[in-house]
Every structure is written in C-alpha cells, then in structure tokens.
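Dear colleague,

Please find below the structure I agreed to pass on to you. I would be grateful if you could read my notes alongside it.

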Amino acid sequence: MTSTEAFIAAAEAHSAHNYQPLPVVVATAEGAWMTDVTGRRYLDLLAGYSALNFGHRNRRLLDAARAQLERVTLTSRAFHHDRFADFCTQLADLCGMELVLPMNTGTEAVETAVKTARKWGYKVKGVPDGRARIVVAENNFHGRSTTVVSFSTDPEARADFGPYTPGFTVVPYGDLAALDAAVDADTVAVLLEPIQGEAGVVVPPPGYLAGVRELTQARNALFVADEIQSGLGRTGTTFACEHEGVVPDVYVLGKALGGGVVPVSAVVSSREVLGVFRPGEHGSTFGGNPLACAVGLEVIALLRTGEYQRRAAELGDHLHRALAPLVGGGAVDAVRGRGLWAGIDVNPSRGDGRAVAERLLARGVLVKETHDATIRIAPPLVISEEDLDWGLARLREVLGV
Ligand SMILES: *Cc1c(COP(=O)(O)O)cnc(C)c1O
C-alpha cells in the first residue's frame with residue numbers, strides 16, 4: 001500500500017469507526033514534526049493530546065526504552081523487577097507524595113482513583129457501606145470505561161452505554177457554591193481536571209482550585225486532581241494545580257508519563273490513602289512493567305531539569321500574546337488556556353472546527369477540533385519558537401485574519 005487513499009480505505013473497511021481521523025497517514029515523526037506516507041511534512045500542534053510533551057522520538061526516552069528492551073520488558077507484578085522501586089520512589093518524590101499505584105492508560109488510572117477514594121471512604125473516613133459518593137464537574141473528560149462515562153455529561157460519550165455506575169454527583173465546573181452544596185457526609189472525593197482539556201482548555205476562575213482544596217479539607221473528602229492532560233509540564237509547571245499553590249490529595253497521571261513511547265499511568269498519593277489496598281484487591285498485568293518504568297523514570301528525569309516547564313511557560317506566553325489579538329475580530333470568539341495550551345473558539349462564519357482542522361492540514365499543520373467549534377493548540381514542548389510562529393501564521397491564514 002502506498003497511497004493515502006488506499007490506507008484510509010483499508011482502515012475504514014477493517015476498523016470500528018469510533019474515530020474520524022483527519023485524512024493524513026503518518027509514517028515517521030521527529031520532535032514537533034510528522035511525515036506522511038507521501039513524504040509531506042506536518043507540524044504537530046496536538047502532540048498526541050499531550051502524550052508527546054517531550055516530542056516525537058525524544059532521544060533520551062528512546063535510549064532509555066532501547067536499553068530496557070535489551071534487559072527485560074515484562075515480569076507481571078507476580079515478581080519484583082529492578083526498575084519498579086526506583087520508578088515509584090522517583091514519581092512519588094516528583095509529586096511530593098508517598099505512594100504510587102502504576103497502571104497503563106489514563107482511564108485505568110481514573111478507575112483506580114475512584115476505587116481508591118471509595119475504599120478510603122469506607123475504611124478511613126467511615127462512610128456506611130455502599131453510600132460513597134464522588135463529586136465531579138460538568139463537561140469533564142476522565143476516559144471511556146463504563147464507570148467513567150457514567151459521570152460524563154457528553155451525550156456522545158455516554159448514550160447507549162448504560163446501565164450506568166451510580167455514586168457520582170455532577171456540579172458546574174468553577175462554581176464553589178455548587179460544590180459546597182454537593183459535598184456531604186457520604187462524599188469521599190471531589191474529582192476534577194485542574195484545567196478541563198477536552199472541554200476546550202477551560203481554565204477555572206481564580207481561587208477555584210484553592211477553594212476546592214479548602215472545602216475538601218474541611219469536609220474530610222479527598223481532592224483528586226486528574227492531571228493526565230494538564231500535568232507534566234504542559235502549563236509551564238509540573239502540575240497545573242501549582243498555579244494556585246494547591247496540592248491535592250491524589251494526582252492522577254498518564255499521557256506524557258509514557259513519553260509517547262508506551263502507555264504509563266499512575267495514581268500518586270499519601271500512605272493514608274493508597275495504603276488502603278491489600279494484595280489481590282486491585283491490579284493490572286502490564287501496570288508498572290519494566291519497560292514502562294524505564295521510560296517513566298526518564299520522563300521524570302526530563303521533568304527534573306525544569307527545561308520543559310520553562311519552555312511551556314515562555315512559549316506559552318508567546319502563544320497567548322499571539323492569539324489574544326485575534327479575539328473579537330470576527331474570526332475568533334474566545335481564547336483560553338495556560339502555558340503551551342490553548343483552546344480557540346472559532347466563529348461559525350469561518351466554518352466548524354473540523355473544517356478549520358482540514359484547512360490547516362492542507363497547509364501542513366495538524367490540529368484536532370474538540371466539540372464543534374474549538375481548536376486546541378498543544379504542541380510538543382520541544383517545538384521551536386520559529387515553528388510555532390509558522391504554525392500560527394497558517395492558522396491566521398485559514399481563519400482569514
Ligand atoms: C486523556 C485523558 C484521560 C484518559 O486517558 P486515556 O489514556 O485515553 O485512557 C483521562 N483524563 C484526562 C483529563 C484526559 O485528558
């Protein structure tokens with residue numbers, strides 16, 4: 001097979017249509033660039049939904065993976081292996097926490113956090129059996145499992161997948177009064193994205209995260225921060241919660257933790273919270289495998305340099321300075337974001353988000369719309385300022401500004 005059309009036709013014929021990819025077939029990638037099967041190059045402004053924060057095929061991550069491939073890749077948790085302790089120790093330290101429970105995908109980590117909060121609620125807080133409730137936010141995105149879509153408010157993600165898991169209360173995002181009213185004696189956790197990624201890079205009002213921290217502390221409920229997309233450098237800090245000086249009880253991590261090489265996720269918390277698990281109560285065959293730990297360890301080492309957070313902060317300022325003047329000119333209704341992460345609401349006069357993404361594709365820039373009218377900009381943090389400017393110039397072209 002050689003042509004783009006042939007690859008797409010074969011994929012359409014033999015895969016479930018649970019995605020509608022843009023019509024480009026990638027063959028290779030490096031840094032912030034991808035090359036398709038025809039040899040055409042594209043600037044990647046999506047970065048695998050922030051799984052590729054350190055760029056495509058980051059040299060240090062590939063070296064770490066290669067070295068581990070030559071030693072051992074999988075043991076299962078039936079046995080110890082010699083990268084596990086180091087990974088858990090380093091990740092807990094990066095998070096300022098005590099214990100780590102490694103999984104693979106983000107969804108699994110969220111599921112793990114839900115189980116953790118419930119068990120903590122019964123064993124530590126003393127909630128009567130079967131009564132535990134978790135408060136979540138409207139327009140959340142926490143993954144695709146049946147339990148996780150049970151508390152989604154997106155009809156597309158949820159419809160026809162019931163019966164749904166009970167035990168969740170949904171409140172408007174950014175509304176402390178609503179949260180205050182929702183948290184009761186049976187509430188074991190408040191589960192939130194510190195910035196809502198899939199909702200369109202929605203930054204909560206100032207003081208919200210600090211308010212969530214105060215309220216959960218006062219009511220003896222866990223603050224579970226889903227930093228799967230917002231964490232690990234994207235917003236200019238290691239965690240988005242840092243922007244309000246907030247430390248949650250539980251971090252849920254994924255995406256960039258695997259460096260775009262392998263799926264690596266984790267729940268990171270205190271001994272009081274993650275200490276509730278006993279052998280046999282939870283697990284995953286691939287969770288915390290040697291290859292995942294080797295790559296994860298190198299991701300942590302990259303984050304410890306501070307270079308990626310600094311790049312996200314500096315290039316993020318540059319990005320938001322470039323985008324701000326577009327608002328109100330007829331093409332762009334709103335821009336939100338923090339660090340190297342922006343959600344751009346495109347005015348319907350310029351077509352829907354998909355149409356904008358297709359016009360950008362034609363000019364060599366890869367983005368993905370979220371919902372109908374929002375374009376997300378989230379390049380690999382290794383992107384150069386020149387490449388970012390080039391991508392932004394293409395964006396202005398397709399928006400006609
Ligand atoms: C992507 C994402 C998830 C789900 O991660 P998967 O690896 O796709 O299962 C959960 N929460 C947030 C905030 C995400 O962005």
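The notes below deal with the nonpolar cores, one cysteine and the ligand site.

Please bear in mind that this is a predicted model. Its largest nonpolar core has 68 residues, among which Phe87, Leu91 and Val268 touch the most other members. The most residues given by any one element to this core, 9, come from helix H11 (residues 290-304). Both domain 1 (3-58 + 307-399) and domain 2 (71-304) supply at least three residues to this core.

Beyond its neighbours within four places in sequence, Leu91 contacts Val100, Leu253, Leu257, Ala266, Val268 and Ile300. There is also a second, separate core of 28 residues, with Leu101, Val114, Val148 and Val267 among them.

Cys95 belongs to helix H4 (residues 84-95). Its relative accessible area is 6%, so Cys95 counts as buried, the cut-off being under 20%. Apart from residues up to four places away in sequence, Cys95 touches Phe239, Tyr251, Leu253 and Val268. The C-alpha atom of Cys95 is also 9.5 Å from that of Val250, although 155 residues separate the two along the chain.

Turning to the ligand, the residues surrounding it include Thr105, Gly106, His142, Glu193, Asp226 and Lys255. The side chain of Thr107 places an N or O atom 2.6 Å from a ligand oxygen atom, and a polar side-chain atom of Gln229 is 2.7 Å from an oxygen atom of the ligand. Phe141 instead uses a backbone N or O atom, 3.3 Å from a ligand nitrogen atom. Of the 380 Å² that the ligand exposes when taken alone, the protein buries 82%.

With kind regards

Terms used. Residues numbered from 1 in each chain as written. Predicted model: local features only at pLDDT ≥ 70, side-chain atom pairs only at ≥ 80, totals over all residues. Heavy atoms only, no water. Core = buried A, V, L, I, M, F, W, Y, C linked by side-chain atoms within 4.5 Å. Buried < 20%, exposed > 50% of the residue type's maximum accessible area, 1.4 Å probe, protein only. Helix = DSSP H or I, 4+ residues; strand = E, 2+ residues; numbered from the N terminus. Domains from an automatic or database assignment. Contact = heavy atoms within 4.5 Å. Near = heavy atom within 4 Å. Polar contact = N/O pair within 3.5 Å; in protein donor to acceptor, adjacent residues only side chain to side chain. Areas by Shrake-Rupley, 256 points an atom, 1.4 Å probe, with all protein chains shown as cover.
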